[in-house]
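Visitor: Could you take me through a helix and a strand of this model, with the reasoning behind each answer?

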Amino acid sequence: MRQNLRMLCRKLGRSVLSNDAQSFFLDMCINDEIFKLYPPSWLYVRRTLKEIILAAEKDGEEVSDGLYELHAIYLLPPQDGSSELASKCYKTFTYTVPPKSRSYLACQTDSKKFLEEDEQLVTLRVSSNMLEGGTGCSTWPAGLLLSEFVLSHPELFFGKNCLEVGAGTGMVGVLLARIGTGKIMLTDGSLATLANLKNNLSINNVEVEEAQQANSDLNTHSSTRVECRQLTWETLFDKERNLDCNVILGADLIYDPLNIPPLVNLLASLLPVGRPIRTNGLEQNVYEYPVAFIASAIRNPDTLVYFVETVRKAGLKMAEVGETMRPAICLTGISDLDRSTILIHKIQAWKD
């Protein structure tokens, strides 16, 4: 990300970090309202300022007093008394919706807002230190690719009831809400992660259902509604085995082999439940079955093989769709996201 900032500033300064390029960095980044409301980590800003200053000096450009003064401030601990190693900070991601997706959404909603090509933002509160914040409060590569998958294939999710397992920081949930799904249920096993998730939804103006509404099932015909719920895969209750959803999503769920059997058990409980299709309010003798899209970063090939074998032993159909349905690059400015190491599996029940 810092490398991309330097490249952008150099581009504006005609290949060097000129004084105008430095002013642009201060105005558009440091003095931006998003930065002030949802600041990144103290150390991240300090390192970014240092790299901008060193790059300008290397280009033979005079460094502005504003950059030097700001860097001096960030060399000291935060003035509000918080630690520069605070456990939480904010990350703001920029994304664009692919033209094909914009056209589809504009036709489905009869709204011209989807035809706009502007970059949009998602701001998330995340852990600065995974050991303190837990895995659910961090952004992971497979979650970012799954977000691009949602933006690239809105036809799979628009108007559908969606369930995300291991929702984490809520990136996928925010995007699902923005493209207009029927109902979204975001789940995680950690209460601390759920609290952070609700905060992130609020930051991004996604309204969450009140607790008293949470007992209603997903089969509700209304505008997009979002519910957050604790869901532990190891101890499923009967009501959780009958969650009414069309699409199940999840990312970076199989990093620990111990998670695989309960995850597959959850999928095996939800995917075979067919629902009659309704036409003009009348129930037809045709059934629709849920589908799951699970994104996984390839860290340990043996773990991936174990996941595939466990899914097949559960009687589920599985196919890798990352190539045939490759998502467009929607998240801009993430140079360290290696999309080639992430798989997206489509999982369904075998139909008679």
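Guide: Before we begin, two strands are said to pair if DSSP finds at least two bridges between them. Please keep in mind, too, that this is a predicted model.

Visitor: In which sense do strand E3 and E6 pair?

Guide: Strand E3, residues 161-165, is joined to E6 over 4 bridges, and within this pairing Val165 stands opposite Gly250 of E6. The sense in which E3 and E6 pair is parallel.

Visitor: Which residue in E9 does Ile248 stand opposite?

Guide: E6 and E9 run parallel and are joined by 5 bridges. In E9, the residue opposite Ile248 is Ala292.

Visitor: Which residues of E6 point the other way from Val247, Leu249 and Ala251?

Guide: In a regular strand, side chains alternate between the two faces of the sheet. Strand E6 covers residues 247-251, and 5 of its 5 residues are buried. Val247, Leu249 and Ala251 point one way, and those pointing the other way are Ile248 and Gly250.

Visitor: How far apart are the end C-alpha atoms of helix H13?

Guide: Helix H13 has 13 residues, 301-313, and at 1.5 Å a residue it should span 18 Å. The separation of its end C-alpha atoms agrees with this, being 18 Å.

Visitor: Within what arc do the buried residues of H13 fall?

Guide: Thr303, Leu304, Phe307, Val308, Thr310 and Val311 are buried in H13. They line one face of the helix, because, seen down the axis of H13, its buried residues fall within an arc of 165°.

Visitor: Which residues are exposed on the other side of H13?

Guide: The buried residues of H13 pack against helix H12 and strands E9, E10 and E12. On the other side of H13, the exposed residues are Pro301, Asp302, Arg312 and Lys313.

Notes: Residues numbered from 1 in each chain as written. Predicted model: local features only at pLDDT ≥ 70, side-chain atom pairs only at ≥ 80, totals over all residues. Heavy atoms only, no water. Helix = DSSP H or I, 4+ residues; strand = E, 2+ residues; numbered from the N terminus. Expected span 1.5 Å × (residues − 1). Buried < 20%, exposed > 50% of the residue type's maximum accessible area, 1.4 Å probe, protein only. Arc of directions from axis to C-beta. Contact = heavy atoms within 4.5 Å.
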